[in-house]
Amino acid sequence: MNIEDYIGLPFKGGGRTKEGLDCWGLTRLYYKQELDIELPSFVEDYHIDDNIRIQELIAQYREGWEKVEIPSMGDIVVFNILGETVHLGVMLDSIQFLHIRENSDSVVENINSTKWNRRVEEPIVTGK
């Protein structure tokens with residue numbers, strides 16, 4: 001895996017290619033390229049500003065995921081942003097995660113940082 005291939009990709013609501021991605025699009029891209037797992041697109045199922053629908057889709061899809069105490073590469077972390085479960089990222093190891101948000105390019109950040117540690121929604125989950 002070359003993490004540099006995933007850093008600096010531009011944000012695009014509903015994006016599913018390297019030309020533009022949202023957080024689910026980036027997760028999908030990573031899973032396909034690194035784990036050879038095809039996740040559903042959901043591109044027709046929501047609009048980037050529809051937080052209620054995004055929460056429903058995250059809840060629906062993560063029903064099959066298993067909670068893990070210590071995250072590892074490929075585990076999905078779900079975040080609560082302003083009281084809503086609407087963001088996710090992919091763990092690269094036990095503390096670094098890859099994600100993308102509106103108005104920024106994709107980045108790697110530390111899950112233990114004050115910016116993110118209090119936003120983690122429940123334990124890390126795995127969709128692998």
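These are my notebook entries on the fold, the nonpolar cores and one buried aspartate of this chain.

I am working from a predicted model, in which local features need pLDDT of at least 70 and side-chain atom pairs count only at pLDDT 80 or more, while totals for chains, interfaces and linings use all residues. Residues are numbered from 1 along each chain as its sequence is written, and side-chain values use heavy atoms, with hydrogens and water left out.

I looked up the fold and found two helices and eight strands, taking helices (H or I, at least four residues) and strands (E, at least two) as DSSP runs numbered from the N terminus. Their order from the N terminus is β-β-α-α-β-β-β-β-β-β.

I then checked burial: 41% of the 128 residues count as buried, where buried means under 20% relative accessible area with a 1.4 Å probe and protein chains only.

I next turned to the largest nonpolar core (buried Ala, Val, Leu, Ile, Met, Phe, Trp, Tyr and Cys residues joined through side-chain atoms within 4.5 Å). It has 20 residues, and among those touching the most other members are Trp24, Leu26 and Leu98. The helix α1 (23–35) supplies at least two residues, as do β4 and β5 (84–91), and α1 gives the most, with six. A second, separate core of eight residues includes Phe97 and Trp116.

Last, I looked at aspartate 75, in the loop between β3 (66–67) and β4 (76–81). Aspartate 75 counts as buried because its relative accessibility is 2%. A polar atom of its side chain lies 2.8 Å from the backbone nitrogen of serine 72.

Conventions. Buried < 20%, exposed > 50% of the residue type's maximum accessible area, 1.4 Å probe, protein only. Polar contact = N/O pair within 3.5 Å; in protein donor to acceptor, adjacent residues only side chain to side chain.
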